[in-house]
Amino acid sequence: MIRVLQALPGVQSVGTANTAPGGEGASNIDIVEQPGPPGTGPMLRLVSVGPGFFDAYRPRLLAGRLFDDAHAADDSSDWKRWNLGRNIILNRKAVAALGFRTPEEAIGKTVGTPRPRTIIGVIDELRFYSPRMPDMGTYYMYTPNAVFLHVGALRFTGDPRTMLDKVAERWRQVIPTVPFAGETADRRLADLYAEDQRATRLVGIGTGLAVLIGCVGLWGLAAFSTARRVKEIGIRKAIGASAYDVLRLLIGQFLRPVLLANLFAWPLAWLAARAWLAGFGDRIALSPAYFLGASLIATAIAVLTVLGQSLRASRAAPAWALRHE
């Protein structure tokens, strides 16, 4: 079946494994003893992969090499020979769990007893599960002849819908008695992000309403404050103040509370964002640029909201302003 799929136009590589994005399939948990003093080692996820797996997913190779058929020790299909040793590949977190300082230091080291495993490569994490689930230390073994590698992966170019139709057609031709089940990795991973996307939409709607209400409040406050200061504006213009001076005075009156509010909003926003990001497996640094950008946007909204009233007041003739009641 793999060769049939590889012959399809647009297919770049086909790989197999016992797991896939979205939590499809199954993977085992294995205790791997650390090198050095004897004792219980860390628990690592064990993933069995077949030919083409790394070509399909293309993880970043940090050190060493990937599996190939030229090295007999790479093949772990015969479990009866595991006591003789076999080659494995780690991800970055497994390197740290086993006590190695760098990926390069782990290459060539043998871990595990009584079934020794020699590390031949280290890759970056492949996130197949929920972003809220911390990625676990994982090691991969190569089982090209295993029948339990029931999850296939295709890397291709072109339209996903068209490719799925082609794969389904070939599947029915080769294995007509087994129903075809296939989805894109994006579609499978989308289910894991659905809850956060709904929360994002709700927060976006709430933020938009809050900004709208704030703009209406600022506009009303600007109109009320300007109406109360019409005579003051007339006196200032009569003694030589320019329209720019009046405009700066009125806008500055509203900018001060906006800037003051930012001093309280920044810490609260930082704490809220930090608490939300803590629920994800990956850690994202909170750059001050996000908060600075939000402050600039809030300031621009405040200026634009009161600008109309301020321009009208700054352009009023002194004589009209002094007679205004």
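Which residue in strand 9 does Asn-87 stand opposite? Let's work up to that one, and a few more, by looking at the model.

A word on the ground rules: this is a predicted model, where local features need pLDDT of at least 70, side-chain atom pairs count only at pLDDT 80 or more, and totals for chains, interfaces and linings use all residues. Residues are numbered from 1 along each chain as its sequence is written, and side-chain values use heavy atoms, with hydrogens and water left out.

**Exercise 1. Find the strand partners of strand 7 and the residue opposite Asn-87.**

Step 1: Get your bearings. The protein chain has ten helices and eleven strands (DSSP runs numbered from the N terminus: helices are H or I with at least four residues, strands are E with at least two).

Step 2: Go to strand 7, residues 86-91. Strands count as paired if DSSP finds at least two bridges between them. Strand 7 runs parallel to strand 9 (residues 117-123), with six bridges joining them.

Step 3: Read off the residue. Asn-87 faces Thr-118 in strand 9.

Step 4: Now try strand 10, residues 138-142. Here the pairing with strand 7 is antiparallel, over two bridges, and Leu-90 has Tyr-139 as its bridge partner.

**Exercise 2. Work out how many residues of strand 7 are buried, and on which faces.**

Step 1: Fix the term. Buried means under 20% relative accessible area, exposed over 50%, and partly exposed in between (1.4 Å probe, protein chains only).

Step 2: Count. Six of the six residues of strand 7 are buried.

Step 3: Split them by side. Arg-86, Ile-88 and Leu-90 sit on one face, with Asn-87, Ile-89 and Asn-91 on the other, and both faces are covered.

**Exercise 3. Explain why Asp-196 counts as buried, and list what it touches.**

Step 1: Locate Asp-196 in helix 6, residues 185-228.

Step 2: Check its accessibility. Asp-196 counts as buried because its relative accessibility is 10%.

Step 3: List the contacts (heavy atoms within 4.5 Å). Leaving aside residues up to four places away in sequence, Asp-196 touches Arg-132, Trp-276 and Phe-280.

**Exercise 4. Compare the protein chain with a compact globule of 325 residues.**

Step 1: Take the rule for the radius of gyration over C-alpha atoms: 2.2 Å times the number of residues to the power 0.38.

Step 2: Compare. The globule would come out near 20 Å, whereas the protein chain has 32 Å.

Step 3: Look at the extents. The C-alpha trace spans about 100 × 55 × 25 Å along its principal axes.
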